[in-house]
Amino acid sequence: MNSCQKYFSACLLGITALLVGASPAWAQIAPDLGTASSFGALGNAGVTCDAAPVSPVPTVIGDVGTGPGALSVTGFPNLCTLSGNIVLNAPAFAVFQTAYGTTDTANPCPTDAAHNLVGDLGGKTLLPGIYCISGVGGGDAPALLTNTLTLNGNGDSNAVWIFKGVSVTPIGTAALRSTVRMINGGQSCNVYWRLGTAATFVNTDFVGNVLAGSKVTFSGSSLAGRAMASRESVTMTAGSSITACDGGGTQPPPPPSCDKDHKHHKHAKHHKHHKHASHHKHDKQQCDDDHDDGDHGDDDGDHGDDHGDHGDDHGDHGDDHDRK
C-alpha cells in the first residue's frame, strides 16, 4: 500500500492546497480604464481617418482623443463619421498609460500549455483567463487570426479575458474574413489585448480593448471595444469602424439638484453660478434615487426649471413677508 492509499485524506488536502495556491497567479485582473472608457480611439500622437477616395467612410461611435503634445485629430468629423467628442491632449491618456502597465504586471503568464498559445488563434474556443501569445506576426510567422476565434463566457457576463503578446501583427488576412465571436454570456468589453508593439487589423471583425505599445491600424476592419495606442497613432482607412463599449462618448454632465421639496431655497442664486460645483455633491447624497430614475438627462433644461422654481419660491416668500 503506497502512501497516497494509506493516507488518502492527507493527499487530497495536499493537492487541494496546491491548486488553491496556484489559482491567484492565474486569476485575471481587468485594468481600470476610468475616464479613458468613453474613448473609441485614443492615440498618443493622435487619431487619423483616411477615407478618400474609397467608401464606406470610417466610423467611430465614441470619443476620439490624443495624448499630451498632439494637437490635432485628422479626418473627424468632416471626412469620417464621429458619434462622440474630439478631446485634444486628453487627461484620460495618462489613465490609459497606467492601465497599459498594470495589465501586464497584474496578470503574469500562466505556466500551463493551455494558456500559452502559439500561432494562429483561428478555430479555437477559449474560456475566460489569462493567455500569453507567441509565434505570430512578422517574417514567416502566421497572422494572429485567420479564421474565427470563439470566446465562451460559460454563463458569466462578468468573465474576463486577458491576452498578452509582444508582436502579433498582422491580425487577419485579405484572403479570408476573420472574426472574434462571443458566446454564452461573454462580453466584448471584458476582453483585453495587451500588445507590446503595434496592432494592424486587416479584413477582421474584432472585439475587446486593444492596448497597443506603439500604434493601431485598421484596414477594412471593425472593432467592438476600444483602440488605444501608447506611443503613436490610431489610424483608420475606408470600411473600418469602432464601436466603443457601452456606446462610448463622453458621459453627460452631473445631473442637477433633485431638491424638489425646496429644502435649499436660500441657495437658488448660488445654483445659477455654480451649477456643477460642490453643492451638487451634497445633493447627490440626498437624491440618489431620483438620479437613478434618469429624470435629469437634460441638464440644461432641468437647471432652467429648477432655477425658475427657486425664483417662484423667493417670490412666495416675499409675499409672505408683505402679508406679515
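In this short talk I will go through the confidence, the nonpolar cores and one surface patch of a predicted model.

Let me start with confidence, since it bears on everything else. The mean pLDDT for the protein is 77, and 66% of the residues reach at least 70. Two stretches fall under 50: one is residues 3–25, for which the model has five contacts beyond four places in sequence, and the other is residues 251–324, where the model has 59 contacts beyond near neighbours in sequence.

Turning to the interior, the largest nonpolar core holds 42 residues, and those touching the most other members are Phe76, Phe163, Trp193, Phe206, Val210, Val216 and Phe218. Strand S15, which spans residues 204–212, gives this core its largest share, namely four residues. There is also a second, separate core of 16 residues, with Ala36, Ile162, Tyr192 and Met228 among them. As a general remark, nonpolar side chains tend to be buried together in soluble globular proteins.

Which residues does phenylalanine 76 touch, if we leave out those up to four places away in sequence? They are Val47, Cys49, Val60, Thr81, Leu82, Ile86 and Met236.

Ile86 takes us from that list to the surface, where, together with Leu71 and Leu88, Ile86 makes a nonpolar patch of about 280 Å². Isoleucine 86 sits in strand S6, residues 86–87. Why can a residue that touches Phe76 also belong to a surface patch? Isoleucine 86 has a relative accessible area of 37% and is therefore partly exposed, which puts Ile86 above the 30% that patch membership requires.

Methods. Residues numbered from 1 in each chain as written. Predicted model: local features only at pLDDT ≥ 70, side-chain atom pairs only at ≥ 80, totals over all residues. Heavy atoms only, no water. pLDDT = per-residue confidence, 0-100. Contact = heavy atoms within 4.5 Å. Patch = residues over 30% accessible without salt bridge, like charges linked within 9 Å, V, L, I, M, F, W, Y side chains within 5 Å. Areas by Shrake-Rupley, 256 points an atom, 1.4 Å probe, with all protein chains shown as cover. Salt bridge = Lys/Arg side-chain N within 4 Å of Asp/Glu carboxyl O. Helix = DSSP H or I, 4+ residues; strand = E, 2+ residues; numbered from the N terminus. Buried < 20%, exposed > 50% of the residue type's maximum accessible area, 1.4 Å probe, protein only. Core = buried A, V, L, I, M, F, W, Y, C linked by side-chain atoms within 4.5 Å.
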